[in-house]
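Work through the exercises below with the sequence and the model open beside you, and try each task before you read its solution.

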Amino acid sequence: MNRPLILGGAAAIGVTFGLARYGYGLFEPDLRREFDLSMSAVGLIGSATYAGYLLALLLVGALVTRFGPRPLVIAGGVSATAGMALVALAREPVTLTAGLILAGTSSGWAWAPYSDAVDRLVPPGRRERAMGIISSGTAFGVVVAGPLALLAQGMGWRMVWLLFAAIALATTVYNARVLPAGAHRPARSGSRMGLRWLARRTAMPLYAMAVAYGLVGSVYWQYAVAAVEGGMGDGQATAPLFWTLVGLAGTAGALTGHAIGRYGLRWVHTGIFSGLAVAVALLGLAPGSLPAVITSAVLYGPLFMAGSGLLAAASYHLLPERPAIGFSAAVAFLAVGTIAGPATLGVVADAYGLRTAFLATAAVAILALLARPRAANGHTARAVEPTADQPVRARARSC
């Protein structure tokens, strides 16, 4: 495999997801106190960052075939660097919001182009493994963010965000050196599928899963640290250790493909959303209990990382004629959930408390159990390996 490409990809995903996108949740209590923000305001800002991610993701789909992966990944790195630097220098909520939104768009720019780069530079048969390593950068980015957050106790959160920005800049320079230049048009044929095809009845479970997964995930990333600190107290190492544990556990999400192949989509779907419901509910029921908090982190990390792999596989089975188009549609619905989650549950938290907001989010995960994936022929979906020229696997496990 192309080691420089894989190293650069994992680093870019770690920076854009683990630091630029999810770092807001890790430092949410600090930012809320510094800028005197309500839970509703925190949620609105969080939703705005996901809206920026969706916009960038949609633009990448149209631009990557014209310009190739390098300029788009560089755009993501620049967004992460500038956005996180702006957060570090912010003195009022407007500048803070602008920085967070800019940083949040970075993952949208950087995610999809690696499918193109791997398609060019990694031989068939090794591409799934390559993308699995690149996608694991999310978990490793979260792991790195936790210990760095410990530094905030001594030198302040602003310096940590400047350090985040410096890491993003170094990662961007490295990727500019290893990514291929120029456009690349893979030889994939087939007619376009219209909205009627995407709106078929058998695809509805995929979209319902995507909305629920996006909502549950965005609420947890946004408010989990606040819930833990509210329950266990604002200890020096509470939030960083919790965040690090989520990231370490999340590396097990790389086993998603093996689990789907062995147990099938139906059982993996049930396991993921049942586990997410428990993980979220624990922070609503017992945020002051150390065993409950640890269990929540250990459950949420790998199950959230596995969720996007589930969506990718489900799109292959529920929309088998064009699985890549189906997965793109699923990502759009996922974005609806991520945008709606923080703002909606922020209002609930202001009105009824953060614990109630987490219990309401757990209820959404339970409702997602009703959206069982069934194959287009009406049988319960089982795992079938996509062919090498279908890019759905290459985009899995990165959300």
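**Exercise 1: two rings in one helix**

Task: Find how Trp161 and Phe164 are placed along helix 10 (residues 157-178).

Solution: Trp161 and Phe164 are 3 residues apart in helix 10, so about one helical turn separates them; helices here are DSSP runs of H or I with at least four residues, numbered from the N terminus. An α-helix has 3.6 residues a turn, so residues three or four places apart point the same way. Next, look at the rings, which pair if their centres lie within 6.5 Å, for Phe, Tyr and the six-membered ring of Trp, and which count as stacked when the planes are under 30 degrees apart, edge-to-face when over 60 and tilted for the rest. By this rule there are 17 aromatic pairs. The pair of Trp161 and Phe164 is tilted, with 5.7 Å from centre to centre and 55° between the planes. Finally, Trp161 has 0% relative accessibility and counts as buried, where buried means under 20% relative accessible area, exposed over 50% and partly exposed in between, with a 1.4 Å probe and protein chains only. Phe164 is also buried, at 0%.

Before going on, note that this is a predicted model, in which local features need pLDDT of at least 70 and side-chain atom pairs count only at pLDDT 80 or more, while totals for chains, interfaces and linings use all residues. Residues are numbered from 1 along each chain as its sequence is written, and side-chain values use heavy atoms, leaving out hydrogens and water.

**Exercise 2: a pair between helices**

Task: Work out which kind of pair Trp221 and Phe304 form, and which helices they lie in.

Solution: The ring centres of Trp221 and Phe304 are 5.5 Å apart and the planes stand at 85°, so the pair is edge-to-face. Trp221 belongs to helix 12 (residues 204-232) and Phe304 to helix 16 (residues 290-318), so the pair ties together parts that are 83 residues apart in sequence. Both Trp221 and Phe304 are buried, and ring pairs link them into a cluster whose members include Tyr53, Tyr213 and Phe358.

**Exercise 3: one side of a helix**

Task: Identify the buried residues of helix 18 (residues 354-367), and say where around the axis they lie.

Solution: The buried residues of helix 18 are Leu354, Ala357, Phe358, Thr361, Ala362 and Ala365. They cover an arc of only 140° around the axis, which puts them on the same side of helix 18; the arc is taken from the directions from the helix axis to the C-beta atoms.

Definitions and conventions: Helices (H or I, at least four residues) and strands (E, at least two) are DSSP runs, numbered from the N terminus. The expected span of a helix is 1.5 Å times one less than its number of residues.
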